[in-house]
Amino acid sequence: ANRPQEALATLEAAIDPLAEGGPTDPPALWVLLAHARVATGRTREALDALEHLRPVHPDLAAVAELVGDLAVLQGLDRQGDSKEQ
C-alpha cells in the first residue's frame with residue numbers, strides 16, 4: 001500500500017537467521033525484500049536479496065543485472081563521475 005519502509009521492516013524481521021537462504025525462507029520473501037529495498041533507496045542491498053535466488057532461479061540473472069545497473073546509475077553525481085571502485 002505504498003509504504004515501503006514498513007514493508008522492509010516486516011520482511012527483514014521474517015528472515016530466518018539460521019536458514020542462510022534455505023527452505024524456511026521462501027523465494028517470495030527474497031523477491032519482496034529486494035523490491036522493498038529498491039523502493040527505499042537501498043539498491044545495493046536489493047542485490048544481496050536477489051543473490052539468495054540465483055541457485056534456485058538462475059534465469060533471474062537479467063533482473064540482478066538491471067538492479068546492478070540501477071545501483072551504478074544512482075551512484076553517479078552531477079558531473080557523471082561514478083562512485084564505483
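These are my notebook entries on the helices and the core of this structure.

**Entry 1, ground rules.** I am looking at a predicted model, where local features need pLDDT of at least 70, side-chain atom pairs count only at pLDDT 80 or more, and totals for chains, interfaces and linings use all residues. Residues are numbered from 1 along each chain as its sequence is written, and side-chain values use heavy atoms, with hydrogens and water left out.

**Entry 2, helix H4.** I began with H4, residues 61-74 (helices are DSSP runs of H or I, at least four residues, numbered from the N terminus). H4 has 14 residues and reaches 20 Å from its first C-alpha to its last, close to the 20 Å expected at 1.5 Å a residue. That expected span is 1.5 Å times one less than the number of residues.

Which residues of H4 are buried? I found Ala-64, Val-67, Gly-68 and Ala-71; buried means under 20% relative accessible area, exposed over 50%, and partly exposed in between, with a 1.4 Å probe and protein chains only. Down the axis of H4, these buried residues fall within an arc of 105°, so they line one face of the helix. The arc is taken from the directions from the helix axis to the C-beta atoms. Glu-65, Leu-66 and Leu-73 are exposed on the other side of H4. Helix H2 (27-39) and helix H3 (43-51) are among what covers the buried residues of H4.

**Entry 3, helix H3.** Next I looked up the buried residues of H3, and they are Thr-43, Ala-46, Ala-49 and Leu-50. They cover an arc of only 100° around the axis, which puts them on the same side of H3. Their cover includes H2 and H4.

**Entry 4, the core.** I then turned to the largest nonpolar core (buried Ala, Val, Leu, Ile, Met, Phe, Trp, Tyr and Cys residues joined through side-chain atoms within 4.5 Å). Of its 13 residues, Leu-11, Trp-30, Leu-33, Ala-34, Ala-49 and Leu-50 touch the most other members. Helix H1 (4-14), H2, H3 and H4 each supply at least two residues of this core, and the largest share, five residues, comes from H2.

I also checked Leu-11: leaving out residues up to four places away in sequence, Leu-11 touches Leu-29, Leu-32, Leu-33 and Ala-36, a contact being heavy atoms within 4.5 Å.

**Entry 5, Arg-37.** Is Arg-37, in helix H2, buried or exposed? Arg-37 counts as buried, at 11% relative accessibility. A polar atom of the Arg-37 side chain lies 2.8 Å from the backbone oxygen of Glu-45.

Notes. Polar contact = N/O pair within 3.5 Å; in protein donor to acceptor, adjacent residues only side chain to side chain.
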